[in-house]
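Colleague: I am new to this model and would like a close look at a single part of it. Could you take me through one helix and whatever lies around it, with the terms explained as you go?

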Amino acid sequence: MNHGMRRLLKRLHWMDGLIVAVLVLFFGYVWVQIGDQLNYKWRWGLIPDYMFRYDEERERWVANLLVQGLITTIRICIYASILAVLLGIILGMARVAKNLTIRMLARTYLEFLRNIPPVVVIFIFFFFLSEQLIAALNIESWARGIARSENNGVWEFFFGDMRRFPSVISGVIVLALFESAFVGEIVRAGIEAIPRGQHEAARSLGMSWYAEMRYIILPQALKKVLPPLANQFISLIKDSAIISLISVQELTYKTVELVSTTRAIFEAWIATAAMYFVICFSLSMLFSYLERPRKSGAR
Amino acid sequence: MPETQPIIEIRNVDKFFGDFQALSDVSLTVNSGEKVVICGPSGSGKSTLIRCVNRLEEHTSGQLFVDGIELTGETRNIRAVRMEVGMVFQQFNLFPHLTVLENLTVGPLRVRKISKADAIARARKYLERVHIPEQADKYPAQLSGGQQQRVAIARSLCMEPRIMLFDEPTSALDPEMINEVLDVMIELAESGMTMICVTHEMGFANRVADQMVFMDGGKIVEIAPPSVFFTKPKNPRCREFLDQILEH
């Protein structure tokens, strides 16, 4: 037993033992209940099969339901984050704009999103915006055309099965619109944290509003809010589960599908929870690693 | 005869912050190449006055002409004036995310839209003028206060302005750094730049000023050349103020 372990054991108290014992008893009870009362048969063996399967025709392993869903989730989250940051920067600047109308519009958007349940917001965005947009731009038939064509490797790499493109895109738009409000608030806080002297120095050089924002204020503001922005990215991944409700075939949607065909309720949801957890937790570890103070001259 | 042409004309300017009147009926004319030093107790409106000249503050009434352009709400006029008017702040206000060289080139590049090579050449020239060419690649936070203020002066000069405004440029500095900044300002004055300085450095004022202005309660109460200003000021409050700061 090494030194660290011994110190840890020394710090444990009889209370800690009691707490652990109670927890073990509780979960043991739940476990037994599930086994006996519900007559639930655990079939963990199913899960790996539904992550990858062997494709006989192509003679190689391919992603099955869960991993397909996971990949879609990751794709959507990346695109939605990029879009949300762009929209959020615009929104953040609008929140501090001189023009009252612009400020009020940004505020209205934010307050709507804050005071309506996310699920309702998602449905509204989907039916009122994203569906109309997709219909208007004729994206559906365009995507089907690409799906049918031979050389669509690049498209498939970025968006997966092109027949699903419209739903992926509406997922991205809906999620980005939803998150942009929160990104906007973070950006606004960053802009407001920049001392007035910076604005004055930029202005007294004759800079336009755009140049002042682009070269002086935003670079400093965004650097300041990088940690909360990173956290917002993790939130976005978690929030992305909601878009399963508009039939975007991401991880949560695929899990529902899996449960309805196999009835492996506990295994499927635990596996899905684990996948979300691994992604979000490792990202949060990565971000805190990147944020740690470093020795360097440049600030 | 550019020497006698008025470059800044302030006519009956009032400035209110809410109910508080910061400037009341201020008129002042500065000729091209002239150096004006403004002093007065704190809260007397000195900073407000020079901040009106490049419209960091908006005057409430009266007229203000800079280089023949009237300052109104017109954005184009404001930017045209600001390109001709450099400003040095008490707190330096350097851009902390940019290196010294980038601090100097960002204005010429993004406002004057000159080429990058020209901007860099210009930046090096003015860094030389303020005696810190070796600091070009450092960040502002790595410099002393005196060096930062000299970078701030060079930053303004890089826009090649016709007028320089100084808002208490040495007030935030440690005493041992004041002279290095004043030296640069004296050199600049000797090069013929039009300058308005708000400062309490009376030695500097006596040396470079063509006109001394004393403000109190938002009004200009005394304007005189330094020889008269320091020896026989007419206004009693001005006399009292000078006695106080020249005592030590």
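Modeller: Let us begin with helix H6 (residues 175-190) of chain B, whose 16 residues should span 22 Å at 1.5 Å a residue, and whose end C-alpha atoms are 24 Å apart, which agrees; the expected span is 1.5 Å times one less than the number of residues. Helices (H or I, at least four residues) and strands (E, at least two) are DSSP runs, numbered from the N terminus. This is a predicted model, in which local features need pLDDT of at least 70, side-chain atom pairs count only at pLDDT 80 or more, and totals for chains, interfaces and linings use all residues. Residues are numbered from 1 along each chain as its sequence is written, chains are lettered from A and ligands numbered from 1 in the order in which they are written, and side-chain values use heavy atoms, with hydrogens and water left out.

The buried residues of H6(B) are B:Met177, B:Ile178, B:Val181, B:Leu182, B:Val184, B:Met185, B:Ile186, B:Leu188 and B:Ala189, where buried means under 20% relative accessible area, exposed over 50% and partly exposed in between, with a 1.4 Å probe and protein chains only. An α-helix has 3.6 residues a turn, so residues three or four places apart point the same way. The cover over the buried residues of H6(B) includes strand E3 (35-39), helix H4 (116-129), helix H5 (145-157), strand E7 (163-167), strand E8 (194-198) and helix H7 (202-208) of chain B, contact being heavy atoms within 4.5 Å. Just after H6(B), B:Gly192 adopts a positive phi of about 100°.

Among the covering elements, E3(B) deserves its own paragraph. Five of the five residues of E3(B) are buried, so the strand is largely enclosed by the rest of the structure. Its two faces are both covered, with B:Lys35, B:Val37 and B:Cys39 buried on one side and B:Val36 and B:Ile38 buried on the other.

The strand also has partners, and two strands pair if DSSP finds at least two bridges between them. E3(B) pairs with E8(B), which is itself part of the cover over H6(B), in the parallel sense and over four bridges; within this pairing, B:Lys35 stands opposite B:Met195 in E8(B). Four bridges also join E3(B) to strand E9 (residues 211-216) of chain B, and these two strands run parallel, with B:Phe214 in E9(B) as the bridge partner of B:Cys39.
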